[in-house]
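Subject: Handover of a structure for your review

Dear colleague,

I am handing over the structure shown below, together with a short account of what was found in it. Please look through it before reading on.

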Amino acid sequence: MSERKTGQGMEQMWGEQVVKLRAEDAARGQLFSDGNYAMFIHWGPYSNLANEVDGKTYYGIGEWIMHSRMAGIPVDDYKQRAASFNPLQFDAEEIAQLAKDSGMKYIVITSKHHDGFAMYRSKVDDFNIADATSFDRDPMQELAGACKKVGIGFGFYYSHNQDWTCPGGSGGPETDAAGQTASFDDYFQRKCLPQVEEITTRYGAIEIVWFDTPGEMPKEYVEQLVAVIRKNQPDALVSGRAGHDLGDYQTLGDMDVPLRNVEGMWESVDTTNDSWAYAWYDEYWKSPQEILRRLISCVGRGGTYMLNVGIRGDGAVPKRAARTLRAAGAWISRYPQVVYAVDASPWQHALPWGDITCKGNTLYLAVWQWPTSGTLYLPGLKSDVADARMLNDQKSDRVGFKKEQHWIRFELPSQAPEALVSVVEIELAGAPRVDPVWGLDPEFCTEIQAEFAAVIGATKDSVRWMEKFGEWKHVTRVHQWQAEGEATWEVDVLVPGDYQIDLTYAGEGRMVWGVGIKGGEHIQNEQNSSHNYQTFPLGLLAFPAPGRYEVGVRCIEGNIEEGSLQSVHFTRAQW
Ligand code: GLC
């Protein structure tokens with residue numbers, strides 16, 4: 001039975017990403033905007049296969065296991081395998097409690113993924129957990145109830161366009177069981193529309209309906225689905241991947257936490273390891289500190305962070321996932337003010353030692369690299385500091401500070417109060433006014449990405465690729481260099497002297513790069529390269545006095561067309 005080819009790659013299927021200012025109806029999405037942190041759950045019969053089919057392991061995002069990009073399991077074969085899905089370990093209350101303990105404000109779970117299997121008792125299609133397996137329960141009902149009980153929100157992921165097992169669905173069979181040609185409209189009228197009606201009427205209040213990969217789905221269908229949601233769940237948000245700009249906010253590409261502030265309402269969606277669905281081999285779990293760094297940076301850029309857990313085929317949560325989420329959650333319970341209902345950082349980007357969120361005239365400096373010198377340097381703050389405190393769980397100790405040029409130096413204890421992230425709370429005398437110039441930190445390496453460069457005679461753009469299938473990496477690069485092409489950054493120096501320059505780039509063969517200060521020293525060096533982004537040393541560059549400098553990078557020799565610069569690193573030589 002031939003499948004309805006989509007011809008689009010996954011990222012094209014995500015649709016256009018459009019900045020979405022706060023919904024005109026502010027009530028919608030309160031939890032999204034103030035909560036800033038949520039649990040994404042991928043769970044389905046693919047979790048039971050766990051990336052292994054007939055003894056062969058397939059590496060990549062497990063929910064795609066039946067797709068030709070992974071194991072290419074024919075529809076009937078997949079349906080047979082799905083019948084053995086029987087997750088008796090599933091404990092909705094334990095999962096809702098885990099989300100709560102992790103500091104997450106709502107859960108969004110896969111009610112139906114691209115494989116077309118409904119994870120609830122659907123009346124319109126029998127390829128569902130209650131009718132197609134011996135697991136005669138409705139886990140979505142249980143989880144909706146459990147979330148309500150612990151006081152967190154609940155929402156559904158629903159693959160509205162792709163359905164690989166339903167005739168007419170995108171990527172699905174082109175004919176039905178009787179051999180009749182099945183159109184997308186058949187799939188939509190017979191399954192998609194009535195199922196969205198089901199999930200928005202039978203599980204109580206819904207926070208979000210998370211549509212995905214709209215691909216080439218015609219606009220009128222998306223409009224109908226949004227209308228059903230508005231009718232049944234007026235306060236629910238529709239995800240950015242609804243299609244045709246009909247979502248209520250922007251969903252960035254998978255696993256993308258942006259480097260620069262993004263306007264409007266948006267979310268980053270990320271994984272606790274490298275797969276959305278449970279994959280037996282994937283033990284590459286993010287540490288609690290890594291989770292906090294990505295969460296705080298996402299919030300610091302103005303977004304909401306939805307972090308995924310892939311529940312196992314038996315219904316249990318992988319132990320290591322629960323452990324790292326709980327450890328990060330314990331920290332959030334001590335410093336909720338850093339994450340919830342805060343605004344983006346006025347610095348527009350992270351800093352060498354951590355990141356910043358703010359609330360009114362209060363700044364929260366989240367420090368995950370503790371200065372052994374006991375001095376924390378903050379560049380570009382124009383507002384006066386009224387008070388500065390080192391938070392230590394419920395206590396806080398005043399810290400000394402001194403303004404120097406365009407910088408503030410904070411005198412911190414030599415020992416960090418927290419193992420994961422320590423917080424310095426700054427009370428300003430007025431609203432935060434900041435010059436987001438990149439300051440070269442006197443103590444830590446300052447890595448400045450190509451994202452922030454001004455470019456002539458080269459191309460600056462963003463590229464994303466998959467390491468394993470579905471494991472997305474995102475880079476902004478400067479490439480396609482022409483002779484005399486240059487990328488420049490303005491930097492501010494407090495402590496003059498020599499700074500070690502390293503470059504992160506990809507390329508082909510040996511390359512000569514040059515780095516120079518406008519009107520100052522110029523250095524160049526030859527180093528090797530590969531198609532992976534790697535960091536190579538260039539040498540020392542002198543910044544003779546405190547002040548502003550324009551630093552330029554050139555790709556001078558070698559295959560400059562292929563030279564692809566990701567970032568430049570400045571580390572003060574302390575000798
Ligand atoms: C992509 C994948 C899908 C996954 C989603 C999560 O669209 O195709 O499998 O559920 O990303 O964001």
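The paragraphs below describe the ligand and its surroundings, and then two sheets.

Please keep in mind throughout that this is a predicted model.

The ligand

The ligand is placed in the largest cavity. Around the ligand there are 16 residues, of which Trp-14, His-42, Glu-63, Asp-212 and Asp-254 are the closest.

Several side chains make polar contacts with oxygen atoms of the ligand. For His-42, an N or O atom of the side chain is 2.6 Å from an oxygen atom of the ligand. Trp-14 places a polar side-chain atom 2.8 Å from a ligand oxygen atom, and for a polar side-chain atom of Trp-64 the distance to an oxygen atom of the ligand is 2.9 Å. The ligand on its own would expose 300 Å², and the protein buries 100% of that area.

The sheet of eight strands

As general background, the strands of a sheet pair through backbone hydrogen bonds, in either a parallel or an antiparallel manner. One open sheet in this model consists of eight strands with parallel pairing, and their order is 7-6-5-4-1-10-9-8. At its edges are strand 7 (237–238) and strand 8 (250–251), each of which pairs on one side only.

Within this order, strand 1 is followed by strand 10. Strand 1 covers residues 37–42 and strand 10 covers residues 304–310; six bridges join them in the parallel sense. One example is Met-39, whose bridge partner in strand 10 is Leu-307.

The sheet of three strands

A further open sheet has three strands in the order 13-17-16, and here the pairing is antiparallel. Strand 13 (375–379) and strand 16 (400–404) are the edge strands, each pairing on one side only. From one strand to the next, the twist averages 20 degrees.

Strand 17, made up of residues 407–411, runs antiparallel to strand 16, and five bridges join the two. Among the positions that face each other, Gly-400 stands opposite Glu-411 of strand 17.

When you open the model, you may wish to begin with the ligand in the largest cavity, and then turn to the sheet of eight strands and the sheet of three strands.

With kind regards

Methods:
Residues numbered from 1 in each chain as written. Predicted model: local features only at pLDDT ≥ 70, side-chain atom pairs only at ≥ 80, totals over all residues. Heavy atoms only, no water. Pairing = 2+ DSSP bridges. Helix = DSSP H or I, 4+ residues; strand = E, 2+ residues; numbered from the N terminus. Axes fitted to C-alpha atoms, helices over the stretch in contact; angles between N-to-C directions. Near = heavy atom within 4 Å. Polar contact = N/O pair within 3.5 Å; in protein donor to acceptor, adjacent residues only side chain to side chain. Areas by Shrake-Rupley, 256 points an atom, 1.4 Å probe, with all protein chains shown as cover. 1 Å grid on protein atoms, 1.4 Å probe; cavity = no way out; pocket = protein on both sides within 12 Å on 5 of 7 lines; lining within 4 Å. Sits in = over half its atoms within 2 Å of the grid points.
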